[in-house]
Amino acid sequence: MKTPGKPRLLPGVAHTTLVIPMRKLLYIDFETFSEVDLRSRGAYAYMRGVLWGALIMTYRWGVDGTTQIAIGHDEMLEALAGVHEDKNVTFVAHNANFERLVLSNLFGYPDWEFIAPERFIDTMAMGRALGLPGSLANLAKALGVSDKDSAGTRLINMFCTPDRNGKFYTPAQKPMDWEAFCQYAIQDIDTMVEAHQAMESRFGGMPVGEWAVWCADQRINDRGVLADVALANRCVDIAARLKGAAMRQMEELSGMDNANSTQQFLEWMGGELENAGIVYRAGDGFRYVDSNEPLASVDKKSVEYLLGRDDLPVKVRQVLELRQMSNAASVAKFNAIIKRANNDNRIRGVFQYFGAHTGRWAGRAVQLQNLPSVTVGDDDATEAMAQRLMTESFDNFTMADMKPMIRGALMAPEGQALTVCDYSAIEARVLAWLAGEEWVLEAFRAGRDIYVETASRMFGVDYEAAKALRKKGKVAVLALGYNGGVGSLRAMGAEGTDEELQELVYTYRSANPHISMFWKQLEYAFRVGYGRVGKYITVQTGKGGQTEIVLPSGRPVMYHDVHTRPMMKFGKVLDVLHFRDPKGWDAWVATYGGKLTENITQATARDVLANALVNLDKAGAEVVAHVHDEVICQGNISVERLAELMGSNGSEYAPGWAGGLPLAAEGYYCKRYRKE
């Protein structure tokens, strides 16, 4: 598709060379086209498409300027003359990573080099950091500014994506739709300007320090992490062959025509299980006879339940095991790696800044935050398995053999190693620090095992004797720190009767009185809208009327439209706290003291990591990924230097606001990413 020319459209809309006024805020938005699918492949690969081009650029100089439009590559460059060279110009865009990549292309940057993120303000990032929705449409709704045109999706699909034959519609083919598309693009700028100004005036804009975090995040996404794409392709091929073989075996055992058909599987399973007296028909599915819970044949939990029974017919067990093996969802990660990889075999753009309300990052595409924890072993074992997968016949493997290699598909460049450092028990440390549970902090400072120390406190035995109770101590720490109960213990794998587990809950709370009190104090302050909780947390009403929990870093976690509503809990009607869901502004989230404690503990741990990423960025360290509380670098940085920049063991790089918080980071080197 050729870039469109300059059709006459929209009376009063300027198409002239842009003259830079005194204002230096340039609001900007692009509509582009490419044969590469943006959603699955990501912006970095999308803009390397053979047919990629920029269709429309809408822009406005400052709040009081006039929104203008440039059509096609030549007109855009004419309009942008002198802008790149003027370092005082700051671009404002919604989801600015996209506009930054487009401008890098237009300004002729070499492959995989981009305009510095410091030259941008991202209104999407700002909204997320203020507890508001990420999408421009929902952000506009939340702020009560001009609506974003809902017709945009149809028009984008028409002009920006190819049809079934790989062709794009041109303005000449759809002149009225093209005019509407241009009007839509102009309205986007107008909405963004209003949203930006509303966030600045009502909430003070981006929280202090967060712009540096966003810039570091952008460079990590730009750099990407090297992937063994050949290995990923090979594993996808092996998985397809294994699934095909499993399907054929299932069909031979069951007599089904198509074992991959959910309907056929349900019908066959229904008859077999009813004959065995295990389940019965109930409406549109199955239910367990003994628990009356729904059973979906493709549901992991349901299949595990059935396979755990000792009265399951042999044939049914064989079919279920084959289906379970063939549907190993984790192998889909290899497909995600393949789709997201660029032509230099690096996967970029997989981290979403402020992906959670607390500020923690979310994963995109490959989802590094939920990789399988199992790995093959050390470097030699991991490399040997990679070589086997690449060279041996597929029938030498099972799905389980490939699962540990998902991490191993991420690797260091030739001649380098990955340096991996992880904060040790960061949430347990932060929770104790916030709540003032001093014995926990002393245990960490002394280097003692917190799970053993907790068991010692809970069960009244000395440290040596408590080592035999470490598992109970670990489950308690992980399950009960946020006002969890019996259900939380069971979710962490605890065994015993409800009475036994409830006693464990009481014992934990008795051993951690300051943490238990912290839940109550935080909920009370949140209900009344103000108050100091412990030494480091403040609850206050923000300038926009929102309830804020101000973290030790000074960053507020914002909760909008907080109120209570009656709900039935624990057999009685209670006034339960609610606030607007930032992801879906029309939905509400219920909360309570324990959940709020979890929010701010994770938010504070996130701020520790954010401080580390900014330190590393300033020091020129090549961070390629971070997973929860773990940082992964290339460039042969030493473990000691990485841990130092992460603020470990009283380093000068520890956050200035975290006095008394015992941070510890430990690390290792690897050629292929793995867990140690």
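In this predicted model, Ile121 is a convenient place to start, with contacts that reach well along the chain. Leaving aside its neighbours within four places in sequence, Ile121 touches Leu25, Thr90, Phe91, Val92, Ala93, Ala96, Met126 and His196. Ile121 belongs to strand S5, which spans residues 120–122. Its relative accessible area is 19%, and since buried means under 20%, Ile121 counts as buried. One of its contacts, Ala93, is 28 residues from Ile121 in sequence, while the two C-alpha atoms are 6.4 Å apart in space.

Helix H2, made up of residues 72–79, offers a second view of buried residues. Those of its residues that are buried are Gly72, Glu75, Met76 and Ala79. Viewed down the axis of H2, these residues fall within an arc of 105 degrees, so they line one face of the helix. The spacing fits a general rule: an α-helix has 3.6 residues a turn, so residues three or four places apart point the same way. The cover over the buried residues of H2 includes three strands, S1 (25–33), S2 (53–61) and S3 (68–71), together with helix H3 (96–106).

Attention now turns to charged side chains. Side chains of opposite charge can pair when their charged atoms come close. The structure contains 32 salt bridges. Among them is the pair formed by Arg672 and Glu383, with an N to O distance of 2.9 Å. This salt bridge joins distant parts of the chain, 289 residues apart: Arg672 sits in the segment after strand S23 (665–670), and Glu383 in helix H14 (residues 379–391). The two partners have unlike surroundings: Arg672 is buried, at 5% relative accessibility, whereas Glu383 is partly exposed, at 31%.

A further salt bridge brings together the side chains of Arg448 and Glu453, at 3.0 Å from N to O. Here the arginine is the partly exposed partner, Arg448 having a relative accessibility of 33%, while Glu453 is buried, with a relative accessible area of 10%.

What of a pair in which both partners are buried? Asp607 and Arg555 are such a case, and the closest N and O atoms of their salt bridge are 2.9 Å apart. This pair, too, links distant parts of the chain, 52 residues apart. Asp607 lies in helix H25 (residues 593–618), and Arg555 in the loop between strand S16 (547–550) and strand S17 (556–559). The two residues also belong to a network of salt bridges that links Glu210, Arg555, Arg606 and Asp607.

The empty space in the model can be described in a similar way. Rolling a probe the size of a water molecule over the atoms shows where empty space is left. A search of the whole structure finds three cavities of 30 Å³ or more. The largest cavity holds about 40 Å³ of space, and its lining consists of Ala216, Arg219, Ile220, Arg223, Leu613, Asp617, Ala621 and Val623. Helices H8 (210–223) and H25 each supply at least two of these lining residues, with H8 giving the most, four residues. By class, the lining has five nonpolar and three charged residues, and no polar ones.

Among the pockets, the second largest contains about 710 Å³ of space. It is lined by 30 residues, of which Ala425, Ile426, Ala428, Tyr451 and Leu478 are the closest to its centre. Which helices each supply at least two residues of this lining? They are H17 (426–435), H18 (438–445), H19 (450–459) and H21 (470–480). Of the elements that contribute, H17 gives the most, with six residues. The lining of this second largest pocket includes 18 nonpolar residues, alongside five polar and seven charged ones.

Helix H21 also holds Lys472. This lysine is partly exposed, with a relative accessible area of 47%. Lys472 is 20 residues from Val452 in sequence, and the C-alpha atoms of the two are 8.8 Å apart in space.

Terms used. Residues are numbered from 1 along each chain as its sequence is written. This is a predicted model: local features need pLDDT of at least 70, side-chain atom pairs count only at pLDDT 80 or more; totals for chains, interfaces and linings use all residues. Side-chain values use heavy atoms; hydrogens and water are left out. A salt bridge is a side-chain nitrogen of Lys or Arg within 4 Å of a carboxyl oxygen of Asp or Glu. Buried means under 20% relative accessible area, exposed over 50%, partly exposed in between (1.4 Å probe, protein chains only). The arc is that of the directions from the helix axis to the C-beta atoms. Contact means heavy atoms within 4.5 Å. On a 1 Å grid over the protein atoms alone, a cavity is a set of points where a 1.4 Å probe fits but cannot get out, and a pocket is an open set with protein on both sides within 12 Å along at least five of seven lines; lining residues have an atom within 4 Å of a point. Grid points are joined across faces, edges and corners, and a volume is the space filled by probe spheres set on the points. Ala, Val, Leu, Ile, Met, Phe, Trp, Tyr, Cys and Pro count as nonpolar, Asp, Glu, Lys and Arg as charged, and the others, Gly among them, as polar.
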